[in-house]
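Please look over the model below. A short report on its metal site, cysteines, strands and surface follows.

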Amino acid sequence: MAKYLEVYKCELCGNIVEVFHEGGAPLVCCHQEMVLQEEKTADTSAEKHVPYIEKIEGGFKVKIGEKQDHPMTEEHYIEWIEIIGDGKIYRQALKPGDKPEATFKIDAEKIIAREYCNIHGHWKNEN
Ligand SMILES: [Fe+2]
């Protein structure tokens, strides 16, 4: 069963959805079950994907990754960066050519940061 804030992808058409209310039935697209995009937390590849969280005045900056930018080409890029904190969800959509980072004004002390790479999938970190 799809859980709150899980992200699912249709492997046929490429639709991606995030769950905002648990309905109890499997998510289906193009006549087949959508695939849960598990949140990975540790990189093994050369490009870094785990969101790097930096506390800034009035909020947080999230970069992909810490020392070296993740590619942002048409073929390989970060589609969005999202943070969850204090019961609020903020999402910055990105496109090829953008810098792989986002700034969020939020009062929360503890946040979860997530990002989605069009090739390497879903990643998560917490501060
Ligand atoms: Fe990637």
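Is C29 buried or exposed? C29 counts as buried, because its relative accessibility is 13% and the cut-off for buried is under 20%. The model is predicted, and every value below is computed from it.

## Cysteines without disulfides

How many disulfides does a search of the whole structure find? The count is zero. The cut-off explains the result for two cysteines. A disulfide needs two cysteine sulfur atoms within 2.5 Å. The sulfur of C10 has its closest cysteine sulfur in C13, at 3.7 Å, so the pair is too far apart for a bond. C29 also has its closest cysteine sulfur in C13. That distance is 3.7 Å, again too far for a bond.

C10 is buried, with a relative accessible area of 2%. C29 is buried too, at 13%.

## Iron site

Which residues coordinate the iron ion? The donors are H49 (NE2), H70 (NE2), H76 (NE2), C117 (SG) and H120 (ND1). Their distances run from 2.1 to 2.4 Å. Note the donor atoms: H120 binds through ND1, while H49, H70 and H76 use NE2. Along the sequence the spacing is H-x20-H-x5-H-x40-C-x2-H.

Two of these donors can be placed by exposure. C117 is buried, at 0% relative accessible area. H120 counts as partly exposed, at 24% relative accessibility.

## Strand β11 and its partners

Strand β11 covers residues 112–117. The donor C117 falls in that range. Why is β11 described as largely enclosed by the rest of the structure? Five of its six residues are buried, so the description follows.

β11 pairs with two strands. Strand β8 (residues 78–85) joins β11 in the antiparallel sense over six bridges. Within this pairing, W80 has Y116 of β11 as its bridge partner. Strand β12 (residues 121–126) also pairs with β11 in the antiparallel sense, over six bridges. Here A113 stands opposite N125 in β12. β11 and β12 form a hairpin, with three residues between them. In general, strands of a sheet pair through backbone hydrogen bonds, either parallel or antiparallel.

## An open three-stranded sheet

In what order do the three strands of the open sheet lie? The order is β2-β1-β5, and the pairing is antiparallel. β2 (16–18) and β5 (35–36) are the edge strands, each pairing on one side only.

Three bridges join β1 (residues 7–9) to β2, and the two run antiparallel. K9 has I16 in β2 as its bridge partner. On the other edge, V35 lies in β5. V35 counts as partly exposed, at 30% relative accessibility. V35 and K63 are 28 residues apart in sequence. Their C-alpha atoms are 26 Å apart in space.

## Nonpolar surface patch

Which residues form a nonpolar patch on the surface? Y4, F20 and I89 do. Together they have about 310 Å² of accessible area.

I89 sits in strand β9 (residues 88–93). At 31% relative accessibility, I89 counts as partly exposed. Patch membership requires over 30% relative accessible area, so I89 passes that cut-off at 31%.

How values were computed:
Residues numbered from 1 in each chain as written. Predicted model: local features only at pLDDT ≥ 70, side-chain atom pairs only at ≥ 80, totals over all residues. Heavy atoms only, no water. Donors = N, O, S within 2.8 Å, 3.2 Å for Na, K, Ca; no water. Buried < 20%, exposed > 50% of the residue type's maximum accessible area, 1.4 Å probe, protein only. Patch = residues over 30% accessible without salt bridge, like charges linked within 9 Å, V, L, I, M, F, W, Y side chains within 5 Å. Areas by Shrake-Rupley, 256 points an atom, 1.4 Å probe, with all protein chains shown as cover. Salt bridge = Lys/Arg side-chain N within 4 Å of Asp/Glu carboxyl O. Helix = DSSP H or I, 4+ residues; strand = E, 2+ residues; numbered from the N terminus. Pairing = 2+ DSSP bridges.
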